[in-house]
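User: I would like to go through this model and ask, label by label, what each description rests on. Please set each value against its cut-off before concluding.

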Amino acid sequence: MSAITVADGLARVDDDLCIRCYCCHELCPDAAIDLETGRLGRTLRTVGIR
Ligand code: SF4
């Protein structure tokens, strides 16, 4: 999707282009991509739904 650009040694993901396939997370040989849980996910985990 060409959603990732690198400038000055820092990679950025363009949320408008990203289709959230998570291939970058799964395939990065340096494990450079961390996933963050959003507010809803954290709330669901807190109440034991996830
Ligand atoms: S989740 Fe998929 S589309 Fe989004 S940046 Fe990663 S590889 Fe690209």
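**Reasons behind the labels**

Analyst: Thr43 is a convenient start: 12 other C-beta atoms lie within 10 Å of its own, and Thr43 is therefore classed as exposed, since the label applies at 12 or fewer. The residue belongs to helix H2, and its C-alpha atom is 23 Å from that of Ile33, ten residues away in sequence. The model is a predicted one, and every value here is computed from it.

User: What makes helix H2 as a whole count as lying largely in the open?

Analyst: Helix H2 covers residues 39–46, and of these eight residues the number buried is zero, so the helix lies largely in the open. The cut-off behind this is that a buried residue needs 20 or more other C-beta atoms within 10 Å of its own. For the protein chain, 0% of the 50 residues count as buried. After H2 comes Gly48, with a positive phi near 85°.

User: How many helices and strands does the chain have, and in which order do they run from the N terminus?

Analyst: The protein chain contains two helices and two strands, and from the N terminus the order is β-β-α-α. The radius of gyration is 14 Å, whereas the globule rule gives 10 Å for 50 residues, so the protein chain is more spread out than a compact globule. Along the principal axes, the C-alpha trace spans about 40 × 25 × 20 Å.

User: How do you know that S1 and S2 pair, and in which sense do they run?

Analyst: Strands S1 and S2 are joined by four bridges in the antiparallel sense, and because pairing requires at least two bridges, the condition is met. Ile4 has Val13 in S2 as its bridge partner, while Ala7 stands opposite Leu10, also in S2. The two strands form a hairpin with two residues between them, and Asp8 in the turn has a positive phi of about 55°.

User: Why are the phi values of Ser2 and Ala31 singled out?

Analyst: Most residues other than glycine have a negative phi. Against that background, Ser2 has a positive phi near 55° without being a glycine, and Ala31, likewise not a glycine, has a positive phi of about 50°. Ser2 sits in the segment before S1, and Ala31 in the loop between H1 and H2.

User: Why are Ser2, Ala31 and Ala32 called exposed, and what is Met1 called?

Analyst: Exposed means 12 or fewer C-beta neighbours within 10 Å. Ser2 has 7 such neighbours and is therefore exposed; Ala31 also has 7 and is exposed; Ala32 has 9, which again makes it exposed. Met1, with 13 other C-beta atoms within 10 Å, is partly exposed, because that label covers counts between the exposed limit of 12 and the buried limit of 20. Ala32 is placed in the loop between H1 and H2, and its C-alpha atom is separated by 12 Å from that of Tyr22, ten residues apart along the chain.

User: Which residues does Met1 touch, leaving aside those up to four places away in sequence?

Analyst: Met1, in the segment before strand S1 (4–7), touches Leu17, Cys18 and Ile19, where contact requires C-beta atoms within 7 Å. For Leu17, the separation is 16 residues in sequence and 6.3 Å in space, C-alpha to C-alpha.

User: What makes the shell around the ligand nonpolar in the main, and which residues are in it?

Analyst: The shell divides into ten nonpolar residues, no polar ones and one charged. Its members are Met1, Ala3, Ile4, Val13, Cys18, Ile19, Arg20, Cys21, Tyr22, Cys23 and Cys24. Because Arg is classed as charged while Met, Ala, Ile, Val, Cys and Tyr are classed as nonpolar, the one charged member is Arg20.

User: How confident is the predictor, and which elements have the lowest and the highest mean pLDDT?

Analyst: The protein chain averages a pLDDT of 90, and 98% of the residues score at least 70. Among the elements, strand S2 (residues 10–13) has the lowest mean, 87, and helix H1 (residues 23–27) has the highest, 93.

Conventions
Residues numbered from 1 in each chain as written. Predicted model: local features only at pLDDT ≥ 70, side-chain atom pairs only at ≥ 80, totals over all residues. Near = placed C-beta within 6 Å. Rg over C-alpha atoms; globule rule 2.2 N^0.38 Å. Contact = placed C-beta atoms within 7 Å. pLDDT = per-residue confidence, 0-100.
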